Amino acid sequence: MLDRALVFLDLETTGATTQSDRITEIGLVEVDKGRYVDEWSSLVNPERPIPPLIESLTGITDAMVAEAPTFADLARDLYKRLAGKTLVAHNARFDFGFLQNEFRRVGLKFAPDVLCTVRLSRRLYPQERRHNLDRLIERHGLVCDNRHRALADARVLWNFTQCIHQDLDTVEIHKAVADQLKKPQLPPGLPADLPDRIPEVPGVYAFYSQSNVALHVGKSANLRARVLSHFSSDKRPAWRASAQICRVEWEVAVGELGMQIRHLRWLKRLQPLHNSKPRHEEELWSLQWDPVDGPSIPVPVDTAGLDLSGASGLHGMFRSRRTALNALRKTADEHGLCHLATGLQTGRGPCLGYQLKHCHGLCVGRESAIAHSMRMMQALHALRMRDWPHSGPIGIREYDAMTGRTEIHVMDRWRHLGTADADADLQDILQTRSDAPFDAGIYRILVQYFKSSPRDSAIVALG
């Protein structure tokens, strides 16, 4: 490892998503053939607010980065500093992904050799269970004067590297490093120029066999890195390295939402052999309960006519009646609900839950119906199907600053009506695809999106 020029690097960022979050601090230590050369660090203006949780973790505040240079200001000098050197980072995929995206935004291609000290620690110390940076500091007696600050953490990585060269045989280290730096070995059926053709953008991909059968469908914020990673690891399913793979197909997306929608669509359309089978054609069940009308018995969901624009009374979306009943039973036992009142059991009390000391006693007169109903409402709240939070259809606009591309995903009542590249196509989608069926997968994606929508997207109301 110490026979080459290295840069030990650590980044602090506004979050964990390379497409929408940004770098707030860079720290690096330069080493040439085992000899310390220099170190450098800088705060970076991320051009967006730093979330409170990140601020409390790193101590880096909006005020601290307000006058700091942007990454674009630092890019040229930093690029020269890193040129020709092997990048060393802890959980290197994270740091490398952020750097690569930031350089792409300013028009620079960044593709260094990369070493991950997490992987190195796992390989060299297989008897240890944990390999995060705090554990490495504790295990090797390292010193870090300012944890979760970029330069201090980069120094830890340099110190860790010196430790392993003192503790372990050089041949063992050399082999571990060589295995990490080994270039992907493509199956013979794939073209040799494939790595140069796959773009470094978000999207979905599929591997096909010689008989044109889809073997695997995946998604990634960096298509090139993800596809090639299938051929880089020593521990991979046999099909990934076999001669079965004769073609790779991909489709780019602008952002995270578009990537997830495409992934769901490809899984359903291609039914790949080595993915979990999406059971989208099976009947969906839900728990329906009303505080006046009574029990929350499982009911089949009419996905064609389902309207979640207002209160639906549905709780959860399950793939079978048994799964729905199991979820109801678990909820009842966790919250002390009566099996008779919830519809899990018929007849007269005491119910099974009361006999097992779960039920609070509605069935034997120890709890009032009103009190039980209130607790039932609270218990099922987490499962309740969300009402559509908008007055009508919306467009979710995603923008990629690196490519200049825009996509607008048209949604209405949890349905994906279509995706447009330009505003001119929106009305056509609204008029021709308004009867798109409800899809539980799209519903889950959108619920998560509305909880924490990416910063490079915006919601536009559509008439």
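**Close-up 1. Salt bridges across the predicted model.** This structure is a predicted model, and it holds 26 salt bridges. The next few views pick out some of these charged pairs, together with a linked group, before we turn to a helix.

**Close-up 2. Asp 179 and Arg 123 meet in a salt bridge.** Zoom in on the two side chains and you will find an N to O distance of 2.8 Å. The partners come from distant parts of the chain, 56 residues apart: Asp 179 sits in helix 8 (residues 170-181), while Arg 123 belongs to helix 5 (residues 117-124). How accessible is Asp 179? Its relative accessible area is 17%, so with a cut-off of under 20% it counts as buried. Arg 123, at 37% relative accessibility, is partly exposed.

**Close-up 3. Arg 384 pairs with Asp 387 in a salt bridge.** Here the closest N and O atoms are 3.2 Å apart. Both ends of this pair have some access to the surroundings of the chain in terms of computed area: Arg 384 is partly exposed at 25%, and Asp 387 is partly exposed at 26%.

**Close-up 4. Asp 412 and Arg 413 form a salt bridge.** The closest N and O atoms of this pair lie 3.5 Å apart. Is each partner buried or partly exposed? Asp 412 is buried, with 13% relative accessibility, whereas Arg 413 is partly exposed at 25%.

**Close-up 5. Five charged residues share a network of salt bridges.** Glu 251, Arg 262, Arg 265, Arg 405 and Glu 407 are the linked members. For this view, it helps to show all of these side chains together.

**Close-up 6. Helix 15 has a buried side and an exposed side.** Helix 15 covers residues 369-381, 13 residues in total. From first C-alpha to last it reaches 18 Å, close to the 18 Å expected at 1.5 Å a residue. Which of its residues are buried? They are His 372, Ser 373, Arg 375, Met 376, Ala 379 and Leu 380. These buried residues lie on the same side of helix 15, because they cover an arc of only 165° around the axis. An α-helix has 3.6 residues a turn, so residues three or four places apart point the same way. On the other side, Ile 370, Gln 378 and His 381 are exposed.

**Close-up 7. The buried residues of helix 15 have three packing partners.** What do they pack against? Two strands take part, strand 9 (285-288) and strand 11 (314-318), along with helix 13 (321-334).

Conventions: Residues are numbered from 1 along each chain as its sequence is written. This is a predicted model: local features need pLDDT of at least 70, side-chain atom pairs count only at pLDDT 80 or more; totals for chains, interfaces and linings use all residues. Side-chain values use heavy atoms; hydrogens and water are left out. Helices (H or I, at least four residues) and strands (E, at least two) are DSSP runs, numbered from the N terminus. The expected span of a helix is 1.5 Å times one less than its number of residues. Buried means under 20% relative accessible area, exposed over 50%, partly exposed in between (1.4 Å probe, protein chains only). The arc is that of the directions from the helix axis to the C-beta atoms. Contact means heavy atoms within 4.5 Å. A salt bridge is a side-chain nitrogen of Lys or Arg within 4 Å of a carboxyl oxygen of Asp or Glu.
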